[in-house]
Amino acid sequence: MQDKISIILPIFNVGSHLRGGIDSLVNQTIGRENLEIIMVNDCSTDGSDKIIDEYAEKYDCCKAIHHEVNSGAANKPRNTGIENSTGDYIMFLDPDDRYVLDACETLYNTVKKTNADVAFARFRRIFTYGEKIQKSYSPYLDNLENKYPDETLEEANPLNVSNFIWSNALEKLLYGNDIVKTYERSKPVDVIKINKIEEEPDLLKMPPSVWTKIYKRELIIDNNILFPEFISGDDLAFADECFLKANGIVFLNNYFSYDYFIRDLPEDKSITNNVNVRLLADLMDSYIYCAEIGKTHPEEIRNVMVNPHLMYWANTWKNASMTKEENNLLLEKLYKLQKIHNDGFKTKFLTSSIIKMIEAANLVKKSDN
């Protein structure tokens, strides 16, 4: 193998999870000699910095980089990794998760054989303390084991309508029927291979999961694709921009490349499991970003890039507790999104409904005062 794969890890206070994540890389079947593992420490205070220095000293393929100022999110460490990478292909790992041992070999062989810009696979969502495993959402039927129930982006009724109306009409309308272009949905599909995202827009409905993907270096560098500075939603913006600009995309529908661990104890939560106004605001900024970069693409592309994720956002807001001032901040961003993302009935109905829901909540807060 003449090519090299750069794998980038953003690291901040990962604690006891860190060694397992790095070990899942140095033991890849593709061989350490074909990997460049870039570990970017974002000013950890729990000893994670010493652990990555230890690996950098032990393995020639490992490189430790230390930020002098904490950025507060994964985007800057990921961008630092991209800037310091030398590989022909680029991958990402969140260091509290794990690659399966043949992930790099399988994804590399796929992207190389097809000469695609991006290849990716499914992941297992593992609830560490809840003892539950889900397979990641896919719009295609698969042959995977039945013991893994589907994860899906459809959420429990996020709008203020009756459950009957939601379940029998609005959910299907707003989430969007399958946009069948190249591949049928009536039977299991193993590999989806397309030249442009317009051939299979439903791929944009899937979780962004930048860590299940291998990217050709030229795609990222030549198009200057970086992670925006959001604490959440930066992965969605990055993945969507790569999809929009990629020449060749391959999806392995029957293969798990990654184990994504949900840390759901109060003392062991990731940033994105702590819902606050900044997280919701940054998610909305990522939807605005996606709406902007999708403006030159067909309406069905723009809708599927934002609407399913916007429904998730609405349900997250509905189950959070925001002050009137926080709601006003979120409304400002929603108004901005509405101006950009205004195609067709579904989009207008969805954005207007969420705005009215938050405005109504503010009226209740005002009357309570």
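**A short tour of a predicted model**

Let's start at one small spot: Ser 209 sits in the loop between strand E8, residues 191-194, and strand E9, residues 213-216. Before I go on, please keep in mind that everything I show today comes from a predicted model.

So what is notable about the backbone of Ser 209? Its phi is positive, about 30°, although Ser 209 is not a glycine. For context, most residues other than glycine have a negative phi. And is Ser 209 buried or exposed? Its relative accessibility is 5%, and because the cut-off for buried is under 20%, Ser 209 counts as buried.

Let me step back to the whole protein. Its secondary structure comprises eleven helices and twelve strands. There are 369 residues, and 57% of them are buried. If we take the contacts with a separation of 6 or more, 78% join residues that are 24 or more positions apart. As for the outside, the accessible surface is about 16,100 Å², and carbon and sulfur atoms account for 47% of that.

Now to the helices, beginning with H1, which covers residues 18-26. Which residues of H1 are buried? They are Leu 18, Gly 21, Ile 22, Ser 24, Leu 25 and Val 26. These buried residues pack against quite a list of partners: strand E1 (5-11), strand E2 (35-41), helix H2 (48-58), strand E3 (62-66) and strand E5 (98-99).

Let's follow one of those partners, H2. The axes of H1 and H2 are 11 Å apart, and the helices pack at an angle of about 25°. Angles under 35 degrees count as roughly parallel, so that is how H1 and H2 run relative to each other. Their crossing is right-handed. On the H1 side, the contact uses Leu 18, Arg 19, Ile 22 and Asp 23, and these meet Ser 48, Ile 51, Ile 52, Glu 54 and Tyr 55 in H2. Sorted by class, that contact has five nonpolar residues, one polar and three charged.

Next, a second helix pair, further along the chain. Helix H8, residues 277-293, packs with helix H9, residues 299-318, at an angle of about 165°, and their axes are 10 Å apart. That angle makes H8 roughly antiparallel to H9. The crossing of H8 and H9 is left-handed. Who makes the contact? From H8 we have Leu 280, Leu 283, Met 284, Tyr 287, Cys 290, Ala 291 and Ile 293, and from H9 we have Met 305, Val 306, His 309, Leu 310, Tyr 312, Trp 313, Thr 316 and Trp 317. By class, the contact of H8 with H9 holds 13 nonpolar residues, two polar ones and no charged ones.

Two asparagines before I finish. Asn 13 lies in the loop between E1 and H1. Like our opening serine, Asn 13 has a positive phi without being a glycine, here about 45°. Asn 13 is partly exposed, with a relative accessible area of 28%.

The other asparagine is Asn 70, found in the loop between E3 and helix H3 (75-84). Asn 70 is partly exposed too, at a relative accessible area of 38%. What does Asn 70 touch, leaving aside residues up to four places away in sequence? Its contacts are Phe 12, Asp 42 and Cys 43. Asn 70 and Cys 43 are 27 residues apart along the chain, yet their C-alpha atoms are separated by 5.3 Å.

That's my tour, and thanks for listening!

Technical notes: Residues numbered from 1 in each chain as written. Predicted model: local features only at pLDDT ≥ 70, side-chain atom pairs only at ≥ 80, totals over all residues. Heavy atoms only, no water. Helix = DSSP H or I, 4+ residues; strand = E, 2+ residues; numbered from the N terminus. Buried < 20%, exposed > 50% of the residue type's maximum accessible area, 1.4 Å probe, protein only. Contact = heavy atoms within 4.5 Å. Areas by Shrake-Rupley, 256 points an atom, 1.4 Å probe, with all protein chains shown as cover. Axes fitted to C-alpha atoms, helices over the stretch in contact; angles between N-to-C directions. Parallel < 35°, antiparallel > 145°, perpendicular 65-115°, else oblique. Left-handed = near helix turned anticlockwise from the far one by under 90°. Nonpolar A, V, L, I, M, F, W, Y, C, P; charged D, E, K, R; others polar.
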